[in-house]
Structure formats: C-alpha cells, structure tokens
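Visitor: I'm new to reading protein models. Could you pick a single part of this one and take me through it closely?

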Amino acid sequence: MLESFFSLLGVIALGALRALEQFGRFLAFNALLLKEYFTPPFRMGELARQIEMIGIRSVGVIFLTSMFLGFVQAMQLYQGFHKFGAENLMGYTTFFAIGREIGPVFTALMIVSRAISAMAAELGTMRVTEQIDAIDVLAIDSRKYLIVPRILATAISVPILVALFDVVANVSAYLIATYGLDVNPTAYTSTITQHAEVADYMIGIVKGVVFGWLIGMVGAYCGYHTRGGARGVGIATTYAVVISAVTVLVADYFLGALFILLDL
C-alpha cells in the first residue's frame, strides 16, 4: 500500500517537473521574441492577413455568441431581481458584468476555439512537413515571419472583438428586457447613465489585449514546436486550446484582483 502511494507521488512529481520544464521553455522562447517586435523587417502584409484570419473572420461567431448571451443574461437577471422588485437595476448590472468580465472572457474563449486551434494546426502541419525548416534554410527567420505576425494580430483583434461583443450583448439584453420582459426602458437605461463609468468598458478592452497576447503566444508556441507527424499535430492543437482556455481564466483572476487593488 505504501509502495503504491509513493509510486503515485513519483508520477505526480514527474508530471509537475515536466510541466515546469515546458513552462520555462515557453518563457524563454517568448523572451527571445521580444526584440523581434521592434526590429525590421516588419511583415505588414502577413500581419494584415493574420488580422483577417483571426479577427475579421471571427466577427460572425462573436456576433451570434454575444447576441444570445445578452438574451440569456437579461432573462436570468430578471428572474433574480424580480423577486426583490429591483428590475430597474438590470441595466447597469448587465453593463457592468458584460463590460468587465463576460465580454473579454467569452470573446477570448471563442477566439481560442476558432482561431488559436487553427493557428496551432497550421504551424504544426508546417513543422511536420518541414516547411518551417525550409524557411530557415532560406535565411529567413521563421519566428519573425510566422510567429510575430500571429501574436500581434491576435493581440490587435481580440480587444476590437471585445468592443463588438459588449455592444451587441448590451443591445440584445436591452431588447429582451424591455420588449420581452416588460422592464421599463427609461428605468433600464437611467441606471446605466447614472452609474456607468468609462473604466467599466475600458477594463474589458485592456483584458482583451492581454488575453489576445497570451493566447497568441500559447497557440504559436504549441504549433511551432509540434513533433510526431499527423498525430503530433492533433496533440499540439489540443494542448493549444486547453492551455489557452485555462490561461484566459487564470489571467482574468489576476487582472481582476489587480484592478480591485488599483480601485478601478
């Protein structure tokens, strides 16, 4: 019994050490990339192409997600506030929750599922088919050409999509609350105009920049370091999605705590 316990403990410790090793390699890889963001040549054409792939092509799924989330948010808040006769507080509560938390987190998670998975799969396929090696042989820095534009494009696209998400979700919540649940429209909007602050909106945008940067780094790293043929591409894509999603939630906690400390 004791032998089995120590065996299990050894397996857990080995897994933890491997995770720390991979985390160290991830930090080292991205630390080496820092200078590449500021040194020419700047691949503006590739950056524009990645913004289209990651940002513009995600508008549809962000629009649908935000619209129905706004509907659900209004219905659930109505059920809670109606018990206390406080339906008029729905406006600011919805604005606050969507702007600070729901908007940036849901947007980042949708980008993870739609774009980061594709990024990891594309880079992974290029790695196992030796296309990345061919780029390096041609004296072109593959990291500068492939990684930097993708990370920058994600960091640019996510906050813009967060702004779109916030607008659509709030409008959807207003429509379902006033036309579907008979909440007074003047009372609904008055709480927003009285209590809403610029910080309620801008905090979500700042989170979008951070989330975009983080998930871009994770997706690019996992794809760039793919090994093991077609099976390795699948594993790398799975790792990219899972780690990116967890990273968003962990970062959201620390950013939330930071903004509370700063009284924002």
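Guide: Let's go straight to Gln-50, which is buried, with a relative accessible area of 4%. Here buried means under 20% relative accessible area, exposed means over 50%, and partly exposed lies in between, all with a 1.4 Å probe and counting protein chains only. One heads-up: this is a predicted model, so local features need pLDDT of at least 70 and side-chain atom pairs count only at pLDDT 80 or more, while totals for chains, interfaces and linings use all residues. Residues are numbered from 1 along each chain as its sequence is written, and side-chain values use heavy atoms, with hydrogens and water left out.

Gln-50 sits in helix α2, residues 44–54. Helices are DSSP runs of H or I with at least four residues, strands are E runs of at least two, and both are numbered from the N terminus. So what does Gln-50 touch, not counting residues up to four places away in sequence? Its partners are Gly-55, Pro-149, Arg-150 and Ala-153, where contact means heavy atoms within 4.5 Å. On the other hand, the C-alpha atoms of Gln-50 and His-82 are separated by 46 Å, though the two are 32 residues apart along the chain.

Now for a second buried spot: Arg-127, with a relative accessible area of 13%. Arg-127 belongs to helix α4, residues 90–128. Its side chain reaches the backbone oxygen of Tyr-224 at 2.9 Å. Leaving aside neighbours within four places in sequence, Arg-127 is in contact with Ile-132, Asp-133, Gly-223, Tyr-224, Thr-226 and Arg-227.

Helices meet each other too. Take α6 (residues 142–180) and α7 (residues 185–195): their axes come within 9 Å and cross at roughly 145 degrees. Those axes are lines fitted to C-alpha atoms over the stretch in contact, and angles run from 0 to 180 degrees between N-to-C directions. On the α6 side, the contact is made by Asn-170, Ala-173, Tyr-174, Ala-177 and Thr-178, and on the α7 side by Pro-185, Tyr-188 and Thr-189.

Stepping back, the protein chain has nine helices and zero strands. Of its 264 residues, 42% count as buried, Gln-50 being one of the buried ones. The C-alpha trace spans about 65 × 60 × 35 Å along its principal axes. And among contacts between residues at least 6 apart in sequence, 86% join residues at least 24 apart.

Technical notes:
A polar contact is a pair of N or O atoms within 3.5 Å; within protein, one must be able to donate a hydrogen and the other to accept it, and residues adjacent in sequence count only if both atoms are side-chain atoms.
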